[in-house]
Amino acid sequence: MERQTLAISSVPVQSWGALFCDEEAMRKGTIFRELYKPFFAAEEQTETLQCPGREQTEREKLLARIGETAFVLDDLTLYLDTHAQDPEALSLYREKLQEKEELSRRFAEQFYPLSRCCILNGQRGAEDFCWAGGSLPWEGECGHVEL
């Protein structure tokens, strides 16, 4: 039997373009404006997700910033996997990495360490290697709602 090609795919190469701000990128699922394709043709939700009638605490705001910055770093990592020499992407990656490290350090100093990289930045400092300062996820702290 003659060997035939079943299919040939054509995937355009992504280019660097306009970016969403960190908070919006987290909501949209990408930092790249040109890649945003809403799944539903419904009106977009624009309000922040939080409990009605309850302001975010400083801890929650800082956690949100850390999560948004980490998301941007993840998306930049995917882009840099195929565009390793892109100077704009590399510059933004360095900037966001430094920002995430600073936010994590600040969080550890004010509240508790989020990772082993921040343990010695915690409230007790370098004299104590301990995770005990923070709430565990199953204790309800992450999604706590006042009733």
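A salt bridge is a side-chain nitrogen of Lys or Arg within 4 Å of a carboxyl oxygen of Asp or Glu. A search of the whole structure, which is a predicted model, finds 9 salt bridges. The tour passes through several of them.

**Stop 1: helix α3.** Select residues 87-110, which make up helix α3. At 1.5 Å a residue, its 24 residues should span 34 Å, and the end C-alpha atoms are 35 Å apart, which agrees. At the N-terminal end, D86 acts as a cap: one of its side-chain oxygens lies 3.0 Å from the backbone nitrogen of E88. Now colour A89, L92, K96, L103, S104, F107 and A108, the buried residues of α3. Their cover includes α1 (22-28) and α2 (58-82).

**Stop 2: K96.** Select K96 within α3. Is K96 buried or exposed? K96 counts as buried because its relative accessibility is 9%, below the 20% cut-off. Beyond neighbours within four places in sequence, K96 is in contact with D22, T69, V72, L73 and L76. L73 is 23 residues away along the chain, yet the two C-alpha atoms are separated by 6.5 Å. The side chain of K96 also makes a polar contact of 3.1 Å with that of E99.

**Stop 3: the charged network.** Add D22, R65, E68 and E99 to K96; salt bridges link these residues in a network. Side chains of opposite charge can pair when their charged atoms come close. Between R65 and E99 the N to O distance is 2.2 Å. R65 lies in helix α2 and E99 in helix α3, so this pair ties together parts that are 34 residues apart in sequence. R65 also forms a salt bridge with E68, with the closest N and O atoms 3.0 Å apart. Those two are separated by about one helical turn because they are 3 residues apart in α2. E68 counts as buried at 12% relative accessibility, while R65 is partly exposed at 27% and E99 is partly exposed at 22%.

**Stop 4: helix α1.** Select E24 and K28, both in α1 and 4 residues apart. Their salt bridge has its closest N and O atoms 3.7 Å apart. K28 counts as buried, at 15% relative accessibility.

**Stop 5: the nonpolar cores.** Select F20, A25, I31, F32, F71, V72, L76, Y79, L80, A89 and L92, the 11 residues of the largest nonpolar core. Helices α2 and α3 each supply at least two of these residues, and the largest share, 5 residues, comes from α2. Apart from this core lies another of 5 residues, including L62, L103, F107 and Y112.

How values were computed. Residues numbered from 1 in each chain as written. Predicted model: local features only at pLDDT ≥ 70, side-chain atom pairs only at ≥ 80, totals over all residues. Heavy atoms only, no water. Buried < 20%, exposed > 50% of the residue type's maximum accessible area, 1.4 Å probe, protein only. Contact = heavy atoms within 4.5 Å. Polar contact = N/O pair within 3.5 Å; in protein donor to acceptor, adjacent residues only side chain to side chain. Expected span 1.5 Å × (residues − 1). Core = buried A, V, L, I, M, F, W, Y, C linked by side-chain atoms within 4.5 Å.
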